[in-house]
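Please examine the model shown below, beginning with its overall fold and then turning to its charged side chains. The paragraphs that follow are intended to be read alongside it.

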Amino acid sequence: MHHGCRIRGRDSPGQSVRPAAGRSGGVRPVARVTSGYGAAVGRRARLVAVAAEPEDLTPRALRGLTGVADELEIRADLVGDPDPSRLRRYFGGRLTYSLRSARHGGRSAAGPVERRTRLLRAADHYERVDLEAMDDVQPQLLAAVPARQRRVSWHASGPSGRSEGRGRAGLLEASAGLRERFAAMSAVPAALYLLVPQPGAQYGSAAPLLLTGLGRTDVTAFASGPVGMWTRVLAPWLGAPVVYGRIGAPGADGSPSVGRLLADYGLPALPPLSGLVGIAGHAPEGSPSPRLHNAALRELRLPALYLPFPVDTFFRFWQWSLDFGALGGPPLRGLTVTAPHKESALHVADAADPEALGCGAANLLWLDAGRWRAATTDAVGALRALALGGVDPNGRRAAVIGCGGAGRAVAWALRAAGARVTLVNRGTAHGREASSRLGLPYVPLARFSPAGYGLLAHATPLVEREPFPVAAADADAVVLEMPYRDPPTALARATRARGLTGIDGWQVLIVEVREQFRLMTGHPMPETPPLRALCRGWPEEAAVHGRTASEAPAAAHRTRREAP
């Protein structure tokens, strides 16, 4: 990383950029998590596997946690009250009992008498029993559940207000509110405390700040919902003693799976951490980038963590990231940006590379000698993927379908490489705007025919059907696709069936990930582990450079990927 680089504030989100002079240079075994650090990694979190579905309690699922999870939490409001002796037959770690009420974001509708009865019964069989603050803090329960057995928890049942939207003052206010909440909870002695606020207006960033200032090892805090998933991952590095993951698929409350915690973030090992990098977009939790970048960071022993940041309004997120580092959180050092935020990313930079300025969009921001710099790796991704496929664009007649940030970058790169480029877009306004910016001809998609083009570059999110009729393409045409999906997209299948040369989005993605890693860290990405192998079995819907997949388990594709 660029050690010593400090995050600086900005005068306004719309500040212009200056061109830069040039470019700067499933569940895995726990033993694999520490790869690259070895015995040097002394710290680790306790990994708690949460049973939230009946399938999580099968003998196979429970045996699979051996050597992976330290504790098993039973969400009794979701799976009922299983026989504890049966659980111990297949799982040898500690057992935690949680009967989450609707008031605390759970599904238990048990009345006071039934709830008290079930908690008292659990106290006889579980090492830890969750008591909700302040509803379960009553003499009978406190007498039956000694302090060493208690986890006192608080889950906000409604939005926590919009304080995060007010910049640094809002962060400080939200953090102070959580401190007051914890002060009331800690009046009840317990082995663990758990605070889970709602993400508020956007980012739920006050929970990590609570951990940075407490200096305690018995408190875990993170924001709920998919927006707060990154706070769950980061919490152990900030002092939280445990990290929670579902045994099965990730939950709607933002809880990741155990497999993802290990494979994507290297948990439960806690190597040194001095800064954050990540991906900002609408649904970044569906991107393979955290898995790929974090594997390389661990291999090179770099003190950074790559996280997914769901972003609605980029300028507000950007100001939050600066405030978060200034108030004690790990500072942001680099950011991959997806659509529709690529234009905004260009505006917040201090300097930009020529490609980003030329196409008016950036998908990468990183600190370079104390200045935020913008670039687009879509251009180099397209050209290098073509080169790896033995395709030279020079002299070819090329059509670029899609005029978003990725499409404009590809068009810019192909023209620079000597291709004669035509822009194609469904929306006329965006097509004409891109044509004016780049000085290239434009054809509406409704009137476009692929005949006569030697290179067809697809840069839209359309994956379920062909964006243009492949049957009408020339026999020697090359199809370059920016979207990536497993199983292949409709365009990739049609290209293969026609016998045309195809460069799929996975090949472009791997090139881009390597370039992004090099720019953000100053180090080339190691050759091992193989990036394509890490992506095998990745559950996702369609994804495109500029739009990432959302993780929807019901519709997830889990077929294997072929090596590039």
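Does Asp81 count as buried, partly exposed or exposed, and what is its relative accessibility? In this predicted model, Asp81 counts as partly exposed, because its relative accessibility of 34% falls between the limits of 20% for buried and 50% for exposed.

The setting of this residue may be described first. The protein chain has 564 residues, of which 58% count as buried. Its secondary structure consists of 20 helices and 21 strands. The accessible surface of the chain amounts to about 21,400 Å², and carbon and sulfur atoms account for 52% of that area.

Asp81 takes part in a salt bridge with Arg118, in which nitrogen and oxygen are 3.0 Å apart. The two residues belong to distant parts of the chain, 37 residues apart: Arg118 lies in helix α5 (residues 112–123), whereas Asp81 lies in the loop between α3 (76–79) and α4 (84–90). Unlike the partly exposed Asp81, Arg118 is buried, with a relative accessible area of 14%. The pair also belongs to a network of salt bridges that links Asp81, Glu114, Arg118 and Arg121.

Across the model, the count of salt bridges comes to 27. One of them joins the side chains of Arg151 and Glu73, with an N to O distance of 3.0 Å. Arg151 is located in strand β6 (residues 150–155) and Glu73 in strand β3 (residues 71–75), so this salt bridge ties together parts that are 78 residues apart in sequence. Both Arg151 and Glu73 are buried.

A further salt bridge connects Asp323 with Arg168, whose closest N and O atoms are 3.3 Å apart. Here two helices are linked: Asp323 is in α12 (residues 314–326) and Arg168 is in α7 (residues 167–185), with their positions 155 residues apart in the chain. Asp323 counts as buried because its relative accessibility is 4%, which is under the 20% limit. Arg168, by contrast, is partly exposed, with a relative accessible area of 39%.

The cysteines remain to be considered. A disulfide is a covalent bond between the sulfur atoms of two cysteines. How many disulfides does the model contain? The count comes to zero, where a pair of cysteine sulfur atoms would have to lie within 2.5 Å to qualify. Among the cysteines, Cys359 is buried at 1% relative accessibility, and Cys403 is likewise buried, at 5%.

Definitions and conventions: Residues numbered from 1 in each chain as written. Predicted model: local features only at pLDDT ≥ 70, side-chain atom pairs only at ≥ 80, totals over all residues. Heavy atoms only, no water. Helix = DSSP H or I, 4+ residues; strand = E, 2+ residues; numbered from the N terminus. Buried < 20%, exposed > 50% of the residue type's maximum accessible area, 1.4 Å probe, protein only. Areas by Shrake-Rupley, 256 points an atom, 1.4 Å probe, with all protein chains shown as cover. Salt bridge = Lys/Arg side-chain N within 4 Å of Asp/Glu carboxyl O.
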